Amino acid sequence: MELIPLPITQLRPAAYNPRITLRPGDAAWQKLSRSLAEFGLVQPLVWNRRTGNLVAGHQRLEILKQRGDTQVDCIVVDLSLGREQALNVALNNTALMSDWHADKLADVIADLKAIPDFDATLTGFSEGDLRDLLLQPDSDFSPEETDEESRDVVTVTLTVPCDDWPAVEAALNDLVAANNSVRLHVRSPPV
């Protein structure tokens, strides 16, 4: 594996790339652009010498072009087109990535939020996401917008994949049984 600087004009985005293209103004574009501005390009692009195609880093490349960069560090591979396509999908496949360990993520976010004058949204999570991760109520919530009965309660919304529901249901049933004041409302997709 080689890491070399290449002129941006030499990098040809792969026409087959199955990722949805981000555009300036998209929330994800803004977050990625902000991350690149703050941390630099810490994850090099991947370029295939044999085909001339960019294998990974299409979104980052577009942001680098827009901000006027002329050269970028790339990991250079030498693959057949089929192997290149497989690598492109593998590098972008969220099924190959693990999920968050919720408690550890919440601890890291809490640590970041405790740093004076530090913007925890540099993680890519919005303020609302950060509140949700820390199970903090929405300070923008206005009780006037709800009915009288709802003004003195905290409403929590959980989204649970159907396959995980049996385990979550058992935990929620235990919670409701242990707390007489907790009310649970469940909505599921039609069967």
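**Exercise 1.** Find which residues V76 touches, not counting residues up to four places away in sequence.

*Solution.* Begin with the meaning of a contact, which is heavy atoms within 4.5 Å. With residues up to four places away in sequence left out, V76 touches M1, E2, I4, W47 and R49. The model is predicted, so that local features need pLDDT of at least 70 and side-chain atom pairs count only at pLDDT 80 or more, while totals for chains, interfaces and linings use all residues. Residues are numbered from 1 along each chain as its sequence is written, and side-chain values use heavy atoms, with hydrogens and water left out.

**Exercise 2.** Work out which strands lie at the edges of the open sheet.

*Solution.* Strands here are DSSP runs (E, at least two residues) and helices are DSSP runs of H or I with at least four residues, both numbered from the N terminus. Two strands pair if DSSP finds at least two bridges between them. The open sheet has 5 strands in the order 1-5-3-4-2, with mixed pairing. Its edge strands are strand 1 (2-7) and strand 2 (12-13), each of which pairs on one side only.

**Exercise 3.** Describe how strand 3 and strand 5 pair, and then state what helix 3 touches.

*Solution.* Strand 3 and strand 5 pair in the parallel sense over 4 bridges, and the bridge partner of N48 in strand 5 is V77. Helix 3 (residues 81-92) packs on the sheet, where it touches strand 3 and strand 4. The direction of helix 3 makes about 35° with that of strand 4, given axes fitted to C-alpha atoms, for helices over the stretch in contact, and angles running from 0 to 180 degrees between N-to-C directions.
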